[in-house]
Amino acid sequence: MSYIGIIITYVFISNMILSQFLGLCPFIGVSKDSDSAVGMGFAVTFVMSMASLVTWIIYHGILVPLNLEFLQTIAFILVIASLVQLVEMAVQKFSPALYKALGIYLPLITTNCAVMGIALINVREEYNILESFTAGFAGGIGFLLAIFLMSAIRVKLDKENVPRFLKGTPIAFVSGGLMALAFMAFDRALLANLIG
Amino acid sequence: MNNKLMQMTLRLAIICAVASLVLGVVNIVTEPVIVERKRAEKEVALKELSDGDHVGELQLPANSDELHGKLSAALAAHGVIAPGEDFNEKELITSIYPVDRNGEVFKYILQLDGSGYGGTMVILAVFLKDGTFVKAKLMENNETPGLGKKAEEAAYYNMFLNTGSDAAPLPVSKRALSPADGEAVSGSTITFNGISRALALGSDYVKLLGGKN
Amino acid sequence: MFNFLKGLFKENPIFVLALGLCPTLAVSTQVVNAIGMGAGVIFVLIGSNIMVSLLKNFIPDEVHIPAYIVIIASFVTIVDMLMQAFVPALSASLGVFVKLIVVNCIILGRAEAYASKNSVKDSIVDALGMGIGFTIGLLVISLVREVLGSGTITLFPMGNFDGVIEIPGLVDAPVRIFSLSPGALLAMGFLMAGFNWLKSKKKED
């Protein structure tokens, strides 16, 4: 698949959150205001791109030649955890302002399904290293888009008169469902028509 | 301080080592089972698809520019690919099994990769040597239950029956189907496109083999 | 006993704590998937809780998260390999979500919050309660989604029974949207609201 195809696929058609349910916890948990949602989105995008790159190298450079594919899960999660740790330290050292904005979200990314998910999807789809990176980046942007839209909706929802039992998380899910419905318009058929 | 760091690293390393060891042992136990199961699954599918005729040895698509050129032309003519579009049959046709009766090859079973809604679908399909579609079976796939998953049923392939020869091209778009069949695949167009394109490729490829073993 | 029951209702991991949501929604298209996923999570949860509780004095505090992750990932890989070998159909329909149990917040959460501070026996009880609570939540969602979205209930094939119960009326004209992704989110939202209502009713009694 072409790189543009991969980008369109992971931003819109197979949106991490709205169509694959990866990264749903922060989508509901960190979408209460737009600033933190955007911060989380950028942090996830960065980690997803880097993780795609590094896990590709680990998988095809170490695990496959040594016939150790069964260590995939354990290797990937350790890579992601250390990557998040590294990013946290680097950001803290070089950009205290960014660290202040992102700091609290960074550790949460380790258990973000989207990061692990994209690493596993890259293996399943047999992407090469550049395609993996593109997919990781696009997946992150898709995540950013969804969580930003969600936060904008939730800010409005706070002012609305929501039935008592639906208040908070339940109405967030219902709104997410309606968003996913809208995203269904982005179909693989659309991709086929766009780039053939 | 240094001592503490050493001890910390050591303990973490021990945990990792023990974990890898345990996984290695489990892998030794389960891997032969997985390999054997996949082989048996494919054997059963091949037996079912060959209708009791003898299935020959596995072959792979030939590395031939001439064949590739002819295949491209045929596919473009049948509307499977756009003119000038490139594709790689060696990635899409993953195995070829000739089926013979009394030593004469009269059918082929092809393992094809199609692109469906949930990623790659593996299709095993049978063609007569003139390219006529006989039957197919959807193997590994991630299609949506109730929609694309319908392609796992044998009846799904009735709409392709008796097509694929030069006289009757295989339907590769919903418009080429009868209204009833078109209705049946609505809601799972992506799956249909993936399967029909894979089948059309298989059909055109088989024609070029021309009954050779 | 109280520890066991709290996971089922009062602290239900899915409806109340909203943990482990990715697998919940992604695999809940068929009841059989929910059962398989639930079994996998219970296995990993019990295994990791036992190990974490046993090793609580061995694991250095500073690196406890990586250590827990290694333990959890090992059990996840074991489940993944066993499923591929012995229940391949289930393994195929759960796809990458078996491996994604590793990032299921419930498991790391229980290791951190409970097993690292309690005895092995209590940790097993806690794992069972949370695991079964998770499975029940998963079952409810998948039941709603499969019945409405496909008009069927898919269980294990046994003998003459092919494992699929068809619901008359719905099977011919199902509400397709429920088997697609938006339906999952909608179903989840309304089920959570229902759970809130049940809880408030219980409080009033």
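What pattern does chain A follow when read along the sequence? Chain A follows α-α-α-α-α-α-α-α-α, and the legends below take the chains and their contacts one view at a time. This is a predicted model, in which local features need pLDDT of at least 70, side-chain atom pairs count only at pLDDT 80 or more, and totals for chains, interfaces and linings use all residues. Residues are numbered from 1 along each chain as its sequence is written, while chains are lettered from A and ligands numbered from 1 in the order in which they are written.

**Figure 1. Chain A has 9 helices and 0 strands.** Helices here are DSSP runs of H or I with at least four residues, strands are runs of E with at least two, and both are numbered from the N terminus. The C-alpha trace of chain A spans about 60 × 45 × 30 Å along its principal axes. Its radius of gyration is 18 Å, which agrees with the value near 16 Å for a compact globule of 196 residues. That radius is taken over C-alpha atoms, and the globule rule is 2.2 Å times the number of residues to the power 0.38.

**Figure 2. Helix 3 (residues 34-63) of chain A crosses helix 6 (residues 113-124) of chain A at roughly 40°.** Two packed helices are described by the angle between their axes and the distance between the axes. For this pair, the axes come within 9 Å. Axes are lines fitted to C-alpha atoms, for helices over the stretch in contact, and angles run from 0 to 180 degrees between N-to-C directions. The angle makes helix 3 of chain A oblique to helix 6 of chain A; angles under 35 degrees count as roughly parallel, over 145 as roughly antiparallel, 65 to 115 as roughly perpendicular and the rest as oblique. The crossing of helix 3 of chain A with helix 6 of chain A is right-handed (the near helix is turned clockwise from the far one by less than a right angle; anticlockwise would be left-handed). On the helix 3 side, look for V44(A), V47(A), M48(A), A51(A), S52(A), T55(A), W56(A) and Y59(A). Helix 6 of chain A brings A114(A), V115(A), I118(A), A119(A), N122(A) and V123(A). Residues are in contact if their C-beta atoms, placed from the backbone, lie within 7 Å. The contact of helix 3 with helix 6 of chain A has 11 nonpolar, 3 polar and no charged residues. Ala, Val, Leu, Ile, Met, Phe, Trp, Tyr, Cys and Pro count as nonpolar, Asp, Glu, Lys and Arg as charged, and the others, Gly among them, as polar.

**Figure 3. Helix 4 (residues 72-94) of chain A also passes helix 6 of chain A, at roughly 135°.** The axes of these two helices come within 11 Å, and the angle makes helix 4 of chain A oblique to helix 6 of chain A. Their crossing is right-handed. F76(A), I77(A) and I80(A) of helix 4 meet V115(A), M116(A) and A119(A) of helix 6. By class, this contact has 6 nonpolar, no polar and no charged residues.

**Figure 4. Helix 8 (residues 169-183) of chain A meets helix 8 (residues 181-204) of chain C.** Their axes come within 7 Å and cross at roughly 165°, so the two helices are roughly antiparallel to each other. This crossing is left-handed. Among the residues from chain A are F173(A), G176(A), G177(A) and A180(A), and those from chain C include L185(C), M188(C), G189(C) and F190(C). The contact of the two helices divides into 13 nonpolar, 6 polar and no charged residues.

**Figure 5. The contact of chain C with chain A takes 33 residues from chain C and 34 residues from chain A.** Helix 8 of chain C gives the largest share of the chain C side, 12 residues. That side divides into 26 nonpolar, 5 polar and 2 charged residues.

**Figure 6. Chain B comes to 5 helices and 5 strands.** From the N terminus, the elements of chain B run α-β-α-α-β-β-β-β-α-α. An automatic or database domain assignment gives domain 1 (1-49) and domain 2 (53-209) of chain B. The C-alpha centres of these two domains lie 36 Å apart. Chain B has a radius of gyration of 23 Å, whereas a compact globule of 213 residues would have one near 17 Å.

Definitions and conventions:
Contact = placed C-beta atoms within 7 Å.
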